[in-house]
Amino acid sequence: MDDGYGAGDIGSVADRLRAAKFVAVLTGAGISAESGVPTFRDAQSGLWARFDPRELATPAAFAGHPKRVWDWYAERRALAARVVPNAAHLALVAIERRVPRFALITQNVDGLHARAGSRALIELHGNIARVRCSGCGRPADRWEEAAATGADVLPPRCIHCGAFLRPDVVWFEEPLPQDALAAAEDAARQCDLLLVVGTSAEVYPAAALPRQAQAAGACVVEINPQDTPLRAYADFWLRGRAGEVLPALARAAWP
Ligand code: APR
């Protein structure tokens, strides 16, 4: 296990990237940090400073405080619409165009990979731009934000069944979309190189993918300025910001 990012490491990983038949990538909130989207580990700012995302992104939180959860996601939805993909997102698009087979598995719900142009995209935790009914499950493509008449104003309701609308994302304790998880596990088992970018690798089942890939013979590379549980077994750790390391890696692989 390497002890951190050095020019030599990036050269070794670039050689493997260039030779790879199937490159898979697993991303977390860290890849969007340089676009201005706070990670879950960053202390929440402003109004949300007193809440831990783990207390907001749960079915119990929505049941108990539907407006608080709806408003937190409405604010994050507006932020995601305001920011743009950064050099890391764009470097993954460039890599996808260069390798024979590619799969991008993201835990992020901000939609930035799709906006950057990534095609083979698996959204494990849903997408914050999508809203669905918490009752009948129908997607809602438009809704009337209830008139802001005070703190007790509740989220918009489904026009079909009257239940509250909710963000179409996966909350803690909720199952992941089965098709997305199956596709992600297939990619982890079949790839020969897995880049793990900007995730604390603490939330399962996404955090199990790197070990599944390595057990199936893939080379596992972590890209993160901090160490994570992957440090115990990843083949390489390119220590740095995704917006710096991924473009450097793509340039080193295809000068
Ligand atoms: N480049 C690369 N990595 C970065 C950067 C950066 N510029 N900035 C921060 N990081 C790293 C942090 O060191 C941390 O390891 O990104 C990681 C972010 O970790 P989390 O905030 O825990 O986000 P993530 O791993 O995506 O969380 C997983 O948990 O909250 C749930 O469903 C939510 O999808 C989320 C899941």
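Domain bounds, as used throughout these exercises, come from an automatic or database domain assignment. The structure is a predicted model.

**Exercise 1.** Work out into which domains the protein is divided, and how far apart their centres lie.

*Solution.* Begin with the division itself, which gives domain 1 (1–36 + 85–125 + 176–255) and domain 2 (38–82 + 128–169). Next take the centres of the two domains over C-alpha atoms, and the separation between domain 1 and domain 2 comes to 29 Å. Finally turn to the contacts between them, where 11 residues of domain 1 meet 14 residues of domain 2, contact being taken as heavy atoms within 4.5 Å.

**Exercise 2.** Describe which residues surround the ligand and from which domains they are drawn.

*Solution.* Start with the count, since 20 residues surround the ligand, and the closest are Ala-29, Phe-40, Arg-41, Thr-199 and Ser-200. Then sort this shell by class, which yields seven nonpolar, 10 polar and three charged residues. Then ask about the domains, and the shell proves to draw at least three residues from each of domain 1 and domain 2. As a last step, consider the space that the ligand takes, which is the largest pocket.

**Exercise 3.** Find which atoms of the ligand are approached by Ala-29, His-125 and Ala-242, and state how much of the ligand the protein covers.

*Solution.* Look at the oxygen atoms of the ligand: a backbone N or O atom of Ala-29 lies 2.8 Å from one oxygen atom, while a polar side-chain atom of His-125 lies 3.0 Å from an oxygen atom. Turn then to nitrogen, where a backbone N or O atom of Ala-242 lies 2.9 Å from a nitrogen atom of the ligand. To finish, of the 730 Å² of accessible area that the ligand has on its own, the protein covers 91%.

Notes. Residues are numbered from 1 along each chain as its sequence is written. This is a predicted model: local features need pLDDT of at least 70, side-chain atom pairs count only at pLDDT 80 or more; totals for chains, interfaces and linings use all residues. Side-chain values use heavy atoms; hydrogens and water are left out. A residue is near a molecule or strand if one of its heavy atoms lies within 4 Å of it. A polar contact is a pair of N or O atoms within 3.5 Å; within protein, one must be able to donate a hydrogen and the other to accept it, and residues adjacent in sequence count only if both atoms are side-chain atoms. Accessible areas come from the Shrake-Rupley method with a 1.4 Å probe; for residues, only the protein chains shown count as cover. On a 1 Å grid over the protein atoms alone, a cavity is a set of points where a 1.4 Å probe fits but cannot get out, and a pocket is an open set with protein on both sides within 12 Å along at least five of seven lines; lining residues have an atom within 4 Å of a point. A molecule sits in a cavity or pocket if more than half of its atoms lie within 2 Å of its grid points. Ala, Val, Leu, Ile, Met, Phe, Trp, Tyr, Cys and Pro count as nonpolar, Asp, Glu, Lys and Arg as charged, and the others, Gly among them, as polar.
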